[in-house]
Amino acid sequence: MAESIVVKSPKKHVNLFYSLDCEELANNVASHSQNNITLQNIKWRSFADGFPNIFINNAEELRGQHVAFLASFSSPAQVFEQLSVIYALPRLFVSSFTLVLPFFPTGSFERMEEEGDVATAFTLARMLSNIPISRGGPTSLVIYDIHALQRFYFGDEVLPLFETGIPLLKERLQQLPDADNVVIAFPDDGAWKRFHKQFDNYSVVVCTKVREGDKRIVRLKEGHVSGHHVVIVDDLVQSGGTLIECQKVLAANGAAKVSAYVTHGVFPNQSWLRFTHKDEASEKAFAYFWITDSCPVTVKALANKAPFEVLSLAGSIANALQI
């Protein structure tokens, strides 16, 4: 019986549009594409009343072409103006349309614990699920390290592709001088459920939050950290309070060094300042703090500030655009 051979299709050429915040990331994506991505421009303007006045350049030339948009929903106002473009691009008779939204911003607001709670994660997913279908079919939606529940919120009109930044972290960990001494820590059971299968070759520890009176205290639930370089892994950081408390617990249990990784460094109100190396005590707290460039506003703010290092999603996004 003749052996079947899978013939690889030639790489497609993608016209990549992007939000203003994502200009640097878009350029990095294009540099990883081996000339398979052409960056396209949008005129982002506003009327006198503040509402968007947007123009898509070279619209007629997009007919029959593969088109993508790199989005950053860093504020509610930006969601509206970018959605206006996202809804318009598939209707330009394009061959296919892909939306790359590295960070799904309402990701942690998915619970309805009492009547009256609004699950804004569901709202945003519904908005994205109503992107018009292009000539090539439903929109491909690329998202990184989304909270577990939201992946079920999307309708059949979009094809979600859930990617992860963890391979970037694992590659960076292999470059450390103490790579053989690294232990992975999860700040709670949720992080363990999301990520533990990607760290089969590492020893892992799990922290947990317990209630003591009116306070929630972080405790070491399982695992051994004494003498190890412990890397805390989670999907995102807001104020950073949980990471700080987790670091204190790990250090108290004998960790030689503590570092942290989150895919999405949200850091509202400049909360990243809590982690910068200002004195000997802060330098001992976190040896490294790795984030990706999924939140470009944050990346610009903390550039070249220890202990932060940015692991770029550019190569991964370039690959995802070929799927």
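Q: Is Lys-257 buried, partly exposed or exposed in this predicted model?
A: Buried is under 20% relative accessible area, exposed is over 50%, and partly exposed is in between (1.4 Å probe, protein chains only). Lys-257 has a relative accessible area of 33%, so Lys-257 is partly exposed.

Q: What ground rules apply to the numbering and the values here?
A: Residues are numbered from 1 along each chain as its sequence is written, and side-chain values use heavy atoms, with hydrogens and water left out. Because this is a predicted model, local features need pLDDT of at least 70 and side-chain atom pairs count only at pLDDT 80 or more, while totals for chains, interfaces and linings use all residues.

Q: Which residue meets Lys-257 in a salt bridge?
A: A salt bridge here is a side-chain nitrogen of Lys or Arg within 4 Å of a carboxyl oxygen of Asp or Glu. For Lys-257 the N to O distance is 3.4 Å, and the partner is buried, with a relative accessible area of 18%. That partner is Asp-178.

Q: How many residues apart in sequence are the parts that Lys-257 and Asp-178 tie together?
A: Helices (H or I, at least four residues) and strands (E, at least two) are DSSP runs, numbered from the N terminus. The side chains of Lys-257 and Asp-178 meet in a salt bridge. Lys-257 lies in strand S13 (residues 257-265) and Asp-178 in the loop between helix H4 (166-173) and strand S9 (182-186), so the parts tied together are apart in sequence by 79 residues.

Q: How many salt bridges does a search of the whole structure find?
A: One of them joins Arg-194 and Asp-235, with the closest N and O atoms 3.6 Å apart. Searching the whole structure gives a count of six.

Q: Which residues are linked with Arg-194 in a network of salt bridges?
A: Arg-194 counts as partly exposed at 24% relative accessibility, whereas Asp-235 is buried at 2%. The network links Arg-194 with Asp-234 and Asp-235.

Q: Which residue forms a salt bridge with Lys-248, and in which helix?
A: The N to O distance for this pair is 3.5 Å. Lys-248 is partly exposed at 46% relative accessibility, and its partner is partly exposed at 36%. The two are three residues apart, so about one helical turn separates them. The partner is Glu-245, in helix H6 (residues 241-252).

Q: Which side chain makes a polar contact of 2.7 Å with the side chain of Ser-294?
A: Ser-294 sits in the loop between strand S14 (289-292) and helix H8 (296-301), and counts as buried at 4% relative accessibility. A polar contact is a pair of N or O atoms within 3.5 Å; within protein, one must be able to donate a hydrogen and the other to accept it, and residues adjacent in sequence count only if both atoms are side-chain atoms. The Ser-294 side chain also reaches the backbone oxygen of Thr-263 at 3.2 Å. At 2.7 Å, the side-chain partner is His-264.

Q: Why do the buried residues of H1 lie on the same side?
A: In helix H1 (residues 23-31), the buried ones are Leu-25, Ala-26, Val-29 and Ala-30. They lie on the same side because, going by directions from the helix axis to the C-beta atoms, they cover an arc of only 140°.
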